[in-house]
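Here are my notes on this one, written as a colleague would jot them down. Have a look at the structure first, then read the points beside it.

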Amino acid sequence: MTDMTRTQVGVVGAGPSGLLLSQLLHLQGIETVVLERRSRDYVLGRIRAGVLEQGMVEMLKRAQVADRLSREALIHEGIELAFAGRRHRIDLKGLTGGSVVTVYGQTEVTRDLVAAREALGGQLVYEANDVAAHDFDSDKPRLTYRVDSGEHELRCDFIAGCDGFHGVTRQSLPRDALRAYERVYPFGWLGLLSETPPVSDELIYNNHERGFALCSMRSRHRSRYYIQCAADEKAEAWPDARFWDELRARLPADAAEALATGPSIEKSVAPLRSFVAEPMRFGRLFLAGDAAHIVPPTGAKGLNLAASDIHFLSRALIAFYEEGRDDLLDSYSEAALRRVWKAERFSWWMTSLLHRFPDSSPFDARLQLAELDYVVSSRAAATALAENYVGLPYE
Ligand SMILES: Cc1cc2nc3c(=O)[nH]c(=O)nc-3n(C[C@H](O)[C@H](O)[C@H](O)COP(=O)(O)OP(=O)(O)OC[C@H]3O[C@@H](n4cnc5c(N)ncnc54)[C@H](O)[C@@H]3O)c2cc1C
């Protein structure tokens, strides 16, 4: 027997995009049910991004989930670019007329969102298996899924596909409905998280002949470091001491000397990919976040794009339910994609500027250094970096 329920918006995926959408809609009196394949513990423990644009912070405030963020997050007014042995600061705040970025882990954002959804009695179904989307080209879409051995059907007005790059919603669209654009980079990032104070108060992006390195952080006591590695590298091949030695070798001397090392809490390899699927709407199914697009993490844009998609999607759904308008639903894909493509461009540019490519020649390496030198010495070029890094406007 299939258990049948109804809601207004069926959300697939309890990542940041699905949780944020559910919370924003709930606050406007719109019902949602979130179906998540993984367990609650898994969702709460997942370690990913950590740099939030101001637009995303504003959205978290609007979603009433920013109290802890306001107390604990670190405000960064600049970043550093390091190359040819020297460090150069990009004054994000000064160059953008006051904009900054906020350092607060995606893990914490997720915890705050889950806590808020639970406090408001939101319906989150964990370990929902075999989720499948049906009839989204009609006005009666459905989601079917299994929990343990029970079969369930969720009837809804709309489906939000917030289920990440490997999710099921994008794949349920007819093949000819989507056009995909993709670039896979010939390297990955090996990341290490440690309970150590960050080497610097601000992030350092390092271009080095041994490969890119990033000094990042999640708090004043917790550091996140990355080094460029082969795409098929295995994290197990990197005992902590080997990682720290390699990182030190890629940093300017003063940073290498100041680096505090300690045991890793987590270590993993992430592939680097640019991907966009267009359009982001098919009938009554809307894609958002990583389900529709991926960026290499160099520009710190993946999580922020998930939030900006939800800005456009929540606004469109609220206008539909409160005012009976569907013009914003009709323009959702176009509005979201305009911003997505600019972030794709920026993330590709940062990646190209900072990494060693297997086929790059000495000429290419000198061009990278010349461009970096231009970026740090021209106010116009530094401003272009800064305004993209802090996040372009939502409209
Ligand atoms: C290893 C890693 C490291 C990253 N590091 C950075 C970084 O440093 N900086 C940065 O800006 N971005 C980073 N990102 C990207 C950033 O984390 C994502 O852009 C962000 O999580 C997107 O949010 P989302 O909600 O759209 O998707 P996700 O966070 O992927 O959430 C999707 C959810 O859907 C669930 N799901 C999947 N399939 C199904 C299904 N069939 N049925 C039900 N539920 C399903 C998943 O379990 C997950 O909970 C990283 C991503 C990864 C994978």
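**Notes on the sheet and the ligand site**

1. Start with one matched pair: glycine 191 has serine 268, in S18, as its bridge partner. These notes count along each chain from 1, in the order the sequence is written. Keep in mind that this is a predicted model, where local features need pLDDT of at least 70, side-chain atom pairs count only at pLDDT 80 or more, and totals for chains, interfaces and linings use all residues, while side-chain values use heavy atoms, with hydrogens and water left out.

2. That pair belongs to a long run of pairing: strand S14 (residues 179–194) and strand S18 (residues 264–278) are antiparallel and share 13 bridges. A quick word on the labels: strands (E, at least two residues) and helices (H or I, at least four) are DSSP runs, numbered from the N terminus. Two strands pair if DSSP finds at least two bridges between them.

3. Now zoom out. The open sheet has 8 strands, ordered S7-S6-S15-S16-S17-S14-S18-S21, and the pairing is mixed. Its edges are strand S7 (86–90) and strand S21 (293–294), each of which pairs on one side only. Strands in a sheet pair through backbone hydrogen bonds, either parallel or antiparallel.

4. At the S21 edge, S18 and S21 run antiparallel and are joined by 2 bridges. Here phenylalanine 275 sits opposite isoleucine 294 of S21. Elsewhere in the sheet, strand S16 (residues 213–217) meets strand S17 (residues 223–229) through 5 bridges, again antiparallel. Cysteine 215 has tyrosine 225, in S17, as its bridge partner there.

5. Which residues are closest to the ligand? They are Ser17, Glu36, Arg46, Gln106 and Asp290, out of 29 that surround the ligand (a residue counts if one of its heavy atoms lies within 4 Å). By class, this shell holds 13 nonpolar, 8 polar and 8 charged residues. Nonpolar means Ala, Val, Leu, Ile, Met, Phe, Trp, Tyr, Cys and Pro; charged means Asp, Glu, Lys and Arg; the others, Gly among them, are polar.

6. Check the side-chain N or O atoms facing ligand oxygens: one in aspartate 290 is 2.7 Å from a ligand oxygen, one in serine 17 is at 2.8 Å, and one in arginine 48 is at 2.9 Å. The protein covers 85% of the 1000 Å² of accessible area that the ligand has on its own (Shrake-Rupley method, 1.4 Å probe).

7. Finally, the helices. Helix H1 (16–27) and helix H9 (302–323) each give at least two residues to the ligand's shell. H9 supplies the largest share, 3 residues.

Methods
Polar contact = N/O pair within 3.5 Å; in protein donor to acceptor, adjacent residues only side chain to side chain.
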